[in-house]
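Work through the exercises below with the structure open. Try each task before reading its solution.

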Amino acid sequence: MTSRRSVLAVPGSNPRMIEKAKGLAAKAAARANIVTALNAGGWNGQIRVVRVNDWSTEHTYADVITVVEGAGSELDAILLPKVTDAGQVRALDLLLTQLEKANGLPVGRIGIEPQIENALGLRNIDAIATASPRVQTLVFGPADFMASITMRTLVVGEQPEGYEPGDAYHRIYMTILLAARAHGLQAIDGPYLAVRDLDGFRRNAARTAALGFDGKWVLHPDQITACNEIFSPRQADYDRAEEILDAYAFHTSTAGGARGAVMLGDEMIDEASAKMAQVIADKG
Ligand code: GLV
Ligand code: MG
């Protein structure tokens, strides 16, 4: 299992990241910064993902070519924003395949993370998820998505006034989560923009973590600790999960009586309980 609890987004255009990029044109500087940062190494086993511009712009092809030609071996995945249909994922897959071949990189290693940020993308989510074996995750883009469906709020992640009680995002979250699980992908929640409001971040992250999402974007280092904690099982739950797995393994074995369902304390456990426990144990 690959851990993607906290997905830190940093702008390639941030001049503090790499002094050398100062003075270059913004777009080219961003690409050069990213290539330099990837090649400089010093990463601690993180998954290194570059978000390129979406296919509705004129920048996507050059973003991909520059980054893969410059640092393809140091790159784990390309995040493709505002995906509308499977064709956009296939187009990126083809471009990546050519780049990998031309640059002596193993073909198919660089993953694709489609970001679901509009109504059309959500309607086409199954086709997007299965458009290429490179697809590793489905990522929510709440800000663009809310704009796309004209949700009446300016605060990302908070409920639109007038809708309470209820969760205006529930259907969107579940659609992304179900598609991810149906196709063996990770489900990643998007950013919470009020970076100084850690309580708000926690509230927001807790909802998708509870549903079963694998992780969430973070925009500020302060959000990382909270995010890793929220998307990890609590120690007590992890311990309980291991206990259920041990008990289930024993009681279903010949030595344990080869039983299908047994009592563990006050609770009956069976194959489904063991599966639920395995989810917590794996994430732990
Ligand atoms: C992120 O890209 C978002 O639109 O929320
Ligand atoms: Mg967006």
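**Exercise 1.** In this predicted model, find the backbone atom that the side chain of T60 reaches.

*Solution.*
- Start with the location: T60 belongs to helix α2, which covers residues 60-71.
- Follow the side chain of T60: the backbone oxygen of D54 is 2.7 Å away.
- Now look further along the chain. Beyond its neighbours within four places in sequence, T60 contacts V52, N53, D54, W55 and L80.

**Exercise 2.** Decide whether T60 and T150 are buried or exposed.

*Solution.*
- Take T60. Its relative accessibility is 1%. Buried means under 20%, so T60 is buried.
- Take T150. Its relative accessibility is 64%. Exposed means over 50%, so T150 is exposed.
- Place T150 in the fold: T150 sits in the loop between α6 and α7 (170-182).
- Add a distance. The C-alpha atoms of T150 and G12 are 29 Å apart, and 138 residues separate the two along the chain.

**Exercise 3.** Identify the residues that coordinate the magnesium ion (ligand 2), and work out which parts of the chain they tie together.

*Solution.*
- Find the donors: E117 (OE) and D144 (OD) coordinate the magnesium ion at 2.0 Å.
- Place each one. E117 is in the loop between β4 (111-116) and α4 (119-123), while D144 is in helix α6 (residues 142-148).
- Draw the conclusion: the two are 27 residues apart in sequence, so the pair ties together separate parts of the chain.
- Check the exposure of each. E117 has 4% relative accessibility and is buried. D144 has a relative accessible area of 31% and is partly exposed.

**Exercise 4.** Describe the surroundings of ligand 1: which residues are around it, and which polar atoms lie at what distance?

*Solution.*
- List the shell: R51, Q115, E117, G141, P142, A143, D144 and P191.
- Sort the shell by type. Three residues are nonpolar, two are polar and three are charged.
- Ask which element gives the most. The answer is α6, with three residues.
- Go through the oxygen atoms of ligand 1. One is 2.8 Å from a side-chain N or O atom of E117. A backbone N or O atom of D144 is 2.9 Å from an oxygen atom of the ligand. For P142, a backbone N or O atom is 3.0 Å from a ligand oxygen.
- Finish with the cover: on its own, ligand 1 has 190 Å² of accessible area, and the protein covers 92% of that.

Key: Residues are numbered from 1 along each chain as its sequence is written. Chains are lettered from A and ligands numbered from 1 in the order in which they are written. This is a predicted model: local features need pLDDT of at least 70, side-chain atom pairs count only at pLDDT 80 or more; totals for chains, interfaces and linings use all residues. Side-chain values use heavy atoms; hydrogens and water are left out. Helices (H or I, at least four residues) and strands (E, at least two) are DSSP runs, numbered from the N terminus. Buried means under 20% relative accessible area, exposed over 50%, partly exposed in between (1.4 Å probe, protein chains only). A polar contact is a pair of N or O atoms within 3.5 Å; within protein, one must be able to donate a hydrogen and the other to accept it, and residues adjacent in sequence count only if both atoms are side-chain atoms. Contact means heavy atoms within 4.5 Å. Donors are N, O and S atoms within 2.8 Å of the metal (3.2 Å for Na, K and Ca); water is not among the atoms, so sites may look incomplete. A residue is near a molecule or strand if one of its heavy atoms lies within 4 Å of it. Accessible areas come from the Shrake-Rupley method with a 1.4 Å probe; for residues, only the protein chains shown count as cover. Ala, Val, Leu, Ile, Met, Phe, Trp, Tyr, Cys and Pro count as nonpolar, Asp, Glu, Lys and Arg as charged, and the others, Gly among them, as polar.
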